[in-house]
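Work through the exercises below with the sequence and the structure at hand. Try each task before reading its solution.

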Amino acid sequence: MSNLTTSPPEFKFHIRPAQPADVDAILELIRDLAVYEKEPLTTIKATPELLAQNLFSDTPYAHALLAITGAEGEAGGQAIGLALYFFNFSTWTGKPGLYLEDLYVRPTHRAHGVGKALFGALGRVAEDRGCARMDWSVLTWNAPSIAFYKERLKAIMMEGWVGMRLGEEGIRRLGEFR
């Protein structure tokens with residue numbers, strides 16, 4: 001998708017859509033993200049099989065972009081960043097939206113433009129798909145990310161909104177309303 005050279009000059013990376021062969025690298029980045037978010041690894045239920053099924057089937061539920069070391073086309077690059085997203089729909093705009101589920105860059109590769117490049121690639125996907133907006137959540141303690149989103153991306157904090165969630169057991173309990 002893009003081929004970027006950033007400082008230092010010898011550091012090169014590119015952004016590309018994830019492929020089925022990337023499942024192990026994606027899972028490794030998800031584990032790294034859990035550590036960064038101070039979550040126990042036991043909370044991760046994703047497996048290579050589940051990722052393959054839900055990212056690469058004929059009707060995928062989500063998509064992923066990877067930041068890979070080296071120039072585009074070079075063999076042997078390492079996955080250093082992940083953007084996992086899916087499409088939703090806005091009743092207000094009548095258009096699809098892109099929901100960024102997770103964006104993660106390995107700490108050793110931060111401050112080199114990798115996160116910006118992932119956001120740039122996501123923006124291209126959103127434009128290509130006619131999305132009216134992009135949404136994501138950020139942990140309240142993650143002040144550096146919040147500052148980046150507000151100052152560099154000019155993102156708007158969704159004041160007055162609270163995230164809600166039902167887990168698998170909660171979904172099963174909805175059966176009482178059938």
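**Exercise 1: A loop residue with an unusual phi**

Alanine 111 is exposed, because its relative accessible area is 85% and the cut-off for exposed is over 50%. The model used in these exercises is a predicted one.

Task. State where alanine 111 lies and what is notable about its phi.

Solution.
- Step 1. Alanine 111 belongs to the loop between strand 5 and helix 3.
- Step 2. Its phi is near 70°, which is a positive value.
- Step 3. Most residues other than glycine have a negative phi. Alanine 111 is a residue other than glycine, yet its phi is positive.

**Exercise 2: A second case**

Task. Find the place of lysine 38, decide whether lysine 38 counts as buried or exposed, and give its phi.

Solution.
- Step 1. Lysine 38 sits in the loop between helix 1 and helix 2 (48-56).
- Step 2. The relative accessibility of lysine 38 is 62%, so this residue counts as exposed.
- Step 3. Lysine 38 is not a glycine, but it has a positive phi of about 60°.

**Exercise 3: Surroundings of an aspartate**

Task. Locate aspartate 22, classify it as buried or exposed, and list what it touches.

Solution.
- Step 1. The loop between strand 2 (11-17) and helix 1 (23-36) holds aspartate 22.
- Step 2. Buried means under 20% relative accessible area. Aspartate 22 has 9% relative accessibility, so it counts as buried.
- Step 3. With neighbours within four places in sequence left aside, aspartate 22 is in contact with Arg16, Pro17 and Leu66.
- Step 4. The side chains of aspartate 22 and arginine 16 are joined by a polar contact of 2.7 Å.

**Exercise 4: Strand, helix, strand**

Task. Describe how strand 5 and strand 6 pair, and name the unit they make with helix 3.

Solution.
- Step 1. Strand 5 covers residues 95-105 and strand 6 covers residues 133-136; the two pair in the parallel sense over four bridges.
- Step 2. As an example, tyrosine 99 has aspartate 135 in strand 6 as its bridge partner.
- Step 3. Strand 5, helix 3 (residues 114-128) and strand 6 form a right-handed β-α-β unit.
- Step 4. Glutamate 127 is a residue of helix 3. It counts as exposed because its relative accessibility is 65%.

**Exercise 5: The two sides of a helix**

Task. Which residues of helix 4 (residues 143-151) are buried, and what covers them?

Solution.
- Step 1. Ser145, Ile146 and Tyr149 are the buried residues of helix 4.
- Step 2. These residues span an arc of only 100° around the axis, so they lie on the same side of helix 4.
- Step 3. An α-helix has 3.6 residues a turn, so residues three or four places apart point the same way.
- Step 4. Exposed residues Pro144 and Glu151 are on the face of helix 4 turned away from its buried side.
- Step 5. The cover over the buried residues of helix 4 includes helix 3 and strand 6.

**Exercise 6: The whole chain**

Task. Count the helices and strands, give their order, and compare the radius of gyration with that of a compact globule.

Solution.
- Step 1. The chain has five helices and six strands.
- Step 2. Starting at the N terminus, the order is β-β-α-α-β-β-β-α-β-α-α.
- Step 3. A compact globule of 178 residues would have a radius of gyration near 16 Å; the chain has 17 Å, so the two agree.
- Step 4. Of the 178 residues in the chain, 33% are buried.

Technical notes:
Residues numbered from 1 in each chain as written. Predicted model: local features only at pLDDT ≥ 70, side-chain atom pairs only at ≥ 80, totals over all residues. Heavy atoms only, no water. Buried < 20%, exposed > 50% of the residue type's maximum accessible area, 1.4 Å probe, protein only. Polar contact = N/O pair within 3.5 Å; in protein donor to acceptor, adjacent residues only side chain to side chain. Contact = heavy atoms within 4.5 Å. Pairing = 2+ DSSP bridges. Right-handed = clockwise from strand over helix to strand, strands pointing away. Arc of directions from axis to C-beta. Rg over C-alpha atoms; globule rule 2.2 N^0.38 Å.
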